[in-house]
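Colleague: I would be grateful for a close look at a single part of this model, namely the surroundings of the bound molecule. Please treat the matter in one connected account.

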Amino acid sequence: MTDVVAFDDVLIKALREAKNVVFFTGAGASAESGIPTFRSGADGLWGDFDMEDYATSEGFTRNPKKVWQWYRDRRQDMADLQPNTAHNVIARWQKKASNVTVITQNIDNFHQDAGSDHVIELHGNIHQFKCLNDHPVVASSVNTLDEPPLCEICGSLVRPDVVWFNEPLPQEAFEHAEMFSRESSVFVAVGCSMDVYPAAFLPAFAASSGAYLIQINPEVSAFDKYAHTLRGKAGEVLPQLWLAVWGEVFS
Ligand code: BV8
């Protein structure tokens with residue numbers, strides 16, 4: 001259990017009086033749900049799987065069935081898991097404050113499952129599919145298949161609708177994420193290594209507009225030198241932050 005975190009009065013005041021708040025989440029926000037992160041600890045996904053083989057379009061072209069099954073297995077693993085307290089506090093914050101935007105690098109849909117609306121998904125969603133020519137595909141018709149089907153419109157391979165390395169982020173999603181980051185008065189990074197771009201540019205957009213920068217992370221990250229760091233796990237720090245800001249126990 002993370003020790004009780006002592007919050008800086010300025011940080012509490014910034015959150016209490018914030019005009020616009022952005023919660024920017026990475027894999028660490030879902031870690032306490034049981035979803036492995038990518039780079040942290042011994043169980044980081046990229047420690048066991050070569051991102052070149054599993055998270056690039058070239059890897060999918062080389063071995064579509066292997067990549068398809070990796071995402072199917074991740075979906076099936078997630079089916080037994082659920083949002084954790086971090087997702088729940090962020091969803092409640094959105095309802096209480098009404099000026100809160102969630103921008104996530106995660107593809108697990110856990111913010112939406114926790115009740116968050118207005119979630120900007122920078123890297124897509126593991127439960128959505130498209131073909132190689134970007135035609136939409138009905139998820140329920142393919143999500144349990146053992147290998148990628150062919151698009152009924154153009155006959156190309158169907159793939160997960162996620163952003164692989166060296167693929168551009170969805171333009172509208174990134175433009176909205178940049179806009180909300182620039183408009184934020186408080187920018188809270190939750191469980192982000194800040195190693196992956198262009199998502200990791202967002203804190204700089206927030207900072208350029210004078211936002212108060214906070215990060216919640218049990219480990220050192222590339223954001224340490226810029227943010228006010230709450231050193232702890234998201235599912236443990238966020239309910240304490242809720243109590244400190246709103247004066248009520250999160251339950
Ligand atoms: C692109 C989806 C160009 C798939 C993912 C500069 C500018 C632009 C690009 C680049 C650049 N420099 C390098 C690049 C290239 C590359 C990149 O960033 N590489 C990195 C490795 C250096 N970027 C790209 O390729 C991007 N595309 O640039 O295209 C382009 C433009 C136009 C036209 C054509 C091409 C695409 C990047 C997206 C790739 N997709 N995932 C999938 O998930 O299967 S990336 C993957 O990393 C996930 O999305 C993940 O969310 C993301 C970021 O990682 P984190 O979320 O931070 O997770 P990580 O494990 O790293 O860290 C977890 C953190 O949580 C740790 O700090 C840990 O301490 C903490 N933690 C652990 N437990 C807890 C916790 N925190 C709180 N509580 C806990 N309990």
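Modeller: A polar contact is here a pair of N or O atoms within 3.5 Å. The model is a predicted one, and the contacts described below are computed from it. By that cut-off, an oxygen atom of the ligand makes a polar contact with the backbone of Gln105, at a distance of 3.1 Å. Two side chains also take part: a polar atom in the side chain of Arg74 lies 2.7 Å from an oxygen atom of the ligand, while an N or O atom in the side chain of Glu32 is 2.9 Å from a ligand nitrogen. Of the accessible area that the ligand has on its own, 1,500 Å², the protein covers 78%.

Arg74 appears again among the residues that come nearest to the ligand, together with Phe38, Arg39, Asn166 and Ser193, out of 36 residues around the ligand. In character, this shell comprises 18 nonpolar, 11 polar and seven charged residues. The space that the ligand takes is the largest pocket.

The setting of the ligand involves both parts of the domain assignment, in which domain 1 covers 1-34 + 83-123 + 169-251 and domain 2 covers 36-80 + 127-162. Each of these domains supplies at least three residues to the shell around the ligand. The domain centres, taken over C-alpha atoms, are 27 Å apart. The two domains also touch each other directly, with 13 residues of domain 1 in contact with 10 residues of domain 2.

How values were computed: Residues numbered from 1 in each chain as written. Predicted model: local features only at pLDDT ≥ 70, side-chain atom pairs only at ≥ 80, totals over all residues. Heavy atoms only, no water. Near = heavy atom within 4 Å. Polar contact = N/O pair within 3.5 Å; in protein donor to acceptor, adjacent residues only side chain to side chain. Areas by Shrake-Rupley, 256 points an atom, 1.4 Å probe, with all protein chains shown as cover. 1 Å grid on protein atoms, 1.4 Å probe; cavity = no way out; pocket = protein on both sides within 12 Å on 5 of 7 lines; lining within 4 Å. Sits in = over half its atoms within 2 Å of the grid points. Nonpolar A, V, L, I, M, F, W, Y, C, P; charged D, E, K, R; others polar. Domains from an automatic or database assignment. Contact = heavy atoms within 4.5 Å.
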